[in-house]
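Q: Hi! Could you walk me through a couple of helices in this structure?
A: Happy to, let's have a look together.

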Amino acid sequence: NKLAEFESQIRSEVLIEMQKEKELQADIEQEKEVDKIETEKTNEVYYERFGINFRIQHIVLLTSTIMLIVTGVPLKFPKNSVSQFAIGLFGGAPGAREVHHFFALGLIFIGIYHLLYTFWSRHGRKDFFELLPNIRDFSDVYNQMKYYLGFRKEKVKYERFSYIEKFDYWAVYWGLIMMIGTGLVMWLFQGKFEPLFFGEINLSW
């Protein structure tokens with residue numbers, strides 16, 4: 001009996017040691033995996049998508065557009081209670097109009113500056129040509145729709161700019177033309193002018 005108890009005790013201690021060895025090995029493997037992940041993070045390479053010049057252009061464009069809306073809509077519909085409150089923040093209609101004109105000049109400036117930046121800057125020309133629509137964009141639209149509908153397992157891997165970003169970029173050009181064009185007519189011609197072939201155009205309603 002004593003021999004059996006002794007063998008049982010030895011067996012239990014061996015099993016305990018084996019279990020401890022397994023746990024130690026598991027901890028070592030976990031530490032290796034953590035070290036591997038940390039190493040991969042350390043070795044990650046980051047690329048600058050937009051330079052400081054382009055980011056400043058975005059900030060000026062965004063700020064100008066928002067302030068033109070904040071001041072322009074209340075001036076266009078001054079009887080609305082929200083409009084009256086907004087106009088009051090600028091000290092009345094004259095103050096709101098001056099702020100509106102200031103940011104209108106900011107929008108005109110950034111529009112002209114961006115054109116110069118696009119054609120005279122190496123980075124500007126590079127961005128411009130990469131933002132031009134191409135045949136692959138139509139393929140990307142088709143394949144992305146397949147992904148959304150469940151007929152494709154993986155998302156589309158785009159070039160530097162996707163078709164959505166290209167659309168947004170060219171929409172800004174159209175928006176600038178419309179906002180600056182109509183704004184200048186309302187500012188310089190009191191909303192009325194007579195271009196050749198079109199007769200009188202009235203924007204003062």
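**Two helices, α2 and α5**

Q: Before that, which residues is Gln 57 in contact with, leaving aside its neighbours within four places in sequence?
A: Gln 57 is in contact with Ile 110, Tyr 113, His 114 and Tyr 117. Keep in mind that this is a predicted model.

Q: Okay, and where does Gln 57 sit?
A: Gln 57 belongs to helix α2.

Q: Is Gln 57 buried or exposed?
A: Buried, because its relative accessibility is 6% and the cut-off for buried is under 20%.

Q: Which other residues of α2 are buried?
A: Besides Gln 57, they are Phe 54, Ser 64, Leu 68, Thr 71, Gly 72 and Pro 74.

Q: And what covers them?
A: The cover includes α3, α4, α5 and α7.

Q: How many residues does α2 have?
A: Helix α2 has 25 residues, from 52 to 76. From first C-alpha to last, α2 reaches 36 Å, close to the 36 Å expected.

Q: Switching to α5: which residues are buried there?
A: Those are Gly 124, Asp 127 and Phe 128. They lie on the same side of α5, because they cover an arc of only 100° around the axis.

Q: Why would residues three or four places apart point the same way?
A: An α-helix has 3.6 residues a turn, so residues with that spacing point the same way.

Q: What does the face of α5 turned away from the buried side carry?
A: That face carries the exposed residues Arg 122 and Phe 129. As for the buried residues of α5, what covers them includes α2, α4 and α7.

Definitions and conventions. Residues are numbered from 1 along each chain as its sequence is written. This is a predicted model: local features need pLDDT of at least 70, side-chain atom pairs count only at pLDDT 80 or more; totals for chains, interfaces and linings use all residues. Side-chain values use heavy atoms; hydrogens and water are left out. Helices (H or I, at least four residues) and strands (E, at least two) are DSSP runs, numbered from the N terminus. The expected span of a helix is 1.5 Å times one less than its number of residues. Buried means under 20% relative accessible area, exposed over 50%, partly exposed in between (1.4 Å probe, protein chains only). Contact means heavy atoms within 4.5 Å. The arc is that of the directions from the helix axis to the C-beta atoms.
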